[in-house]
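Visitor: I've got a fold to look through and would like a guided tour. Could you take me round it?

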Amino acid sequence: MNVSSASPYQGYVYAYPHKTAYRPLDPRPPLREAWARERLDSLFLYLHIPFCEMRCGFCNLFARAGAPGELVAAYLDALRREAHAVREALSRPDAEPVFTAAAIGGGTPTYLSPDELNTLFDLAEGVMGLRNAPLSVETSPATATPDRLAVLAERGTTRISIGVQSFVDAEARAAVRPQRRAQVEAALGAIRDTGFAVLNIDLIYGIDGQTAATWRYSLDAALAWRPEEIYLYPLYVRPLTGLARRARSFDDHRLALYRQGRDRLLEAGYEQVSMRMFRLPQAAYRTVYRCQSDGMVGLGCGARSYTERLHYSFEYAVTARHVRSIIDEYIRLPPAAFTAARVGYRLDEEDLRRRHLIQSLLQAEGVDPAFYRERFGTDVREDFAAELAAFERRGWLDGLRLTPEGLAHSDAVGPALFSERVRGLMAGYRAR
């Protein structure tokens with residue numbers, strides 16, 4: 001990719017490779033074999049709940065709006081079948097899995113009732129063995145109710161992330177998220193009253209009608225709650241979502257709003273962790289999990305799992321029809337169907353190095369060259385000399401750390417580091 005001419009918003013790289021590079025695995029590898037030689041002493045447990053009360057216009061997550069109670073119950077039953085199969089696959093005479101971090105995402109996990117949330121936690125603790133690990137749960141203004149939050153607190157949740165997106169009602173409507181400021185404030189009050197160690201507030205910039213003044217209004221409204229973390233997300237106009245295409249001038253508008261938001265949060269005493277993440281220096285949500293090298297165990301039809309060499313999941317979709325079809329298939333799967341990986345991507349040596357570089361470079365602290373050499377026995381500067389030099393020429397790189405302007409262009413930096421094989425597979429993916 002030519003970074004000199006590319007849009008700064010190529011794609012949010014939260015994982016490498018992206019699911020659109022995954023393909024059906026034939027033969028399907030048994031999970032017991034996939035995990036047989038993996039380290040199990042520092043794993044991430046992710047539970048996926050694909051249900052929401054509504055479908056936001058910017059959303060391309062694997063999620064279904066307005067699921068009936070019987071579907072939720074059937075999903076939790078299937079999730080338990082999957083958990084038992086995965087836990088059995090992870091069991092070895094020489095080691096037992098230790099989860100050093102965990103998250104429940106979606107969708108909106110708090111779409112579940114308090115009783116259903118307790119069922120979910122029983123599964124995480126009783127079947128998977130989750131114990132005393134930092135645990136993050138996503139919620140929304142409509143579902144962050146005191147009774148649900150009480151369950152989360154009682155079951156050890158340490159971080160709550162709430163998708164506010166905007167404190168301006170008109171902007172929320174423009175993003176096809178019909179919520180009221182009063183509802184948002186009530187949810188934030190309930191979260192603070194419950195007493196979680198870390199509150200994260202998600203905001204989006206680039207919404208129709210948003211100006212520098214209204215963006216500042218939302219930033220200040222969020223800061224009034226002094227959240228331990230704030231995530232600033234650029235609006236992405238994605239295929240198969242409810243928002244129309246935009247012109248190149250939209251890039252400039254988003255960059256200006258990003259810089260405004262970054263500067264406001266730094267002024268307020270937050271530290272920048274990545275392009276999107278800002279946190280108070282004393283924020284308590286810390287984990288020993290290292291995303292570059294430690295494994296992830298995902299449960300649920302939208303979750304993905306990582307061993308060192310194999311990333312796998314279920315099928316991926318965005319449109320409501322295909323999401324419903326995949327969920328319907330998932331809830332009917334027998335226990336034996338969960339013992340093997342279905343869809344995935346096998347990483348080669350080049351991909352391992354690229355993944356490590358991407359997941360390090362897109363963090364404000366940058367690449368630890370000693371950690372890279374310890375893993376691969378080579379110098380990261382030599383392995384990626386051409387790519388790093390291109391970033392330096394753009395003023396995006398200082399040594400092995402992104403400059404402030406480099407962080408602003410993280411969504412171009414990440415995709416520029418994808419392998420040719422991954423790019424080809426992503427280009428060949430048929431969106432559905």
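What follows is a chat about confidence, helix packing, a cavity and some backbone details.

Visitor: Before we trust any of this, what average pLDDT does the chain have?
Guide: Keep in mind that this is a predicted model. Of the residues, 92% score at least 70. Averaged over the chain, the pLDDT is 92.

Visitor: And over which residues is the pLDDT below 50?
Guide: There's one stretch to treat with care, though in the model it has 17 contacts beyond near neighbours in sequence. The pLDDT drops below 50 over residues 239-245.

Visitor: Let's turn to helices. Is α2 roughly parallel or roughly antiparallel to α3?
Guide: The axes of α2 and α3 (residues 114-127) lie 10 Å apart, at an angle of about 5 degrees. Angles under 35 degrees count as roughly parallel. That angle therefore makes α2, relative to α3, roughly parallel.

Visitor: How many nonpolar residues are there in the contact of α2 with α3?
Guide: On the α2 side, the residues include V72, L76, L79 and A83, along with R80 and R87. They meet α3 residues, among them L120, L123 and V127, as well as E116 and D122. By class, the contact has four charged residues, two polar ones and, to finish, nonpolar residues numbering seven.

Visitor: Any holes inside? What is the volume of the largest cavity?
Guide: Searching the whole structure for cavities of 30 Å³ or more turns up one. The volume of the largest cavity comes to about 140 Å³.

Visitor: Which elements give two or more residues to its lining?
Guide: The largest cavity is lined by 17 residues, and the closest to its centre are L31, E82, Y312, F314 and A340. By class, the lining divides into ten nonpolar, four polar and three charged residues. The elements giving two or more residues to that lining are α2 (69-90), β12 (296-299), β13 (304-306) and β14 (310-313).

Visitor: On to the backbone. Where is P27, the proline joined to D26 by a cis peptide bond?
Guide: Omega for the bond between D26 and P27 is about 5 degrees. Another cis bond runs from Y16 to P17, with omega near -5 degrees, and P17 sits in the segment before β1 (23-24). As for P27, its place is the loop between β1 and α1 (31-34).

Visitor: One last oddity: in which strand is Q165?
Guide: Q165 isn't a glycine, but its phi is positive, near 75 degrees. The strand that holds Q165 covers residues 159-165 and is β7.

Terms used:
Residues numbered from 1 in each chain as written. Predicted model: local features only at pLDDT ≥ 70, side-chain atom pairs only at ≥ 80, totals over all residues. Heavy atoms only, no water. 1 Å grid on protein atoms, 1.4 Å probe; cavity = no way out; pocket = protein on both sides within 12 Å on 5 of 7 lines; lining within 4 Å. Points joined across faces, edges and corners; volume = space filled by probe spheres on them. Helix = DSSP H or I, 4+ residues; strand = E, 2+ residues; numbered from the N terminus. Nonpolar A, V, L, I, M, F, W, Y, C, P; charged D, E, K, R; others polar. pLDDT = per-residue confidence, 0-100. Contact = heavy atoms within 4.5 Å. Axes fitted to C-alpha atoms, helices over the stretch in contact; angles between N-to-C directions. Parallel < 35°, antiparallel > 145°, perpendicular 65-115°, else oblique.
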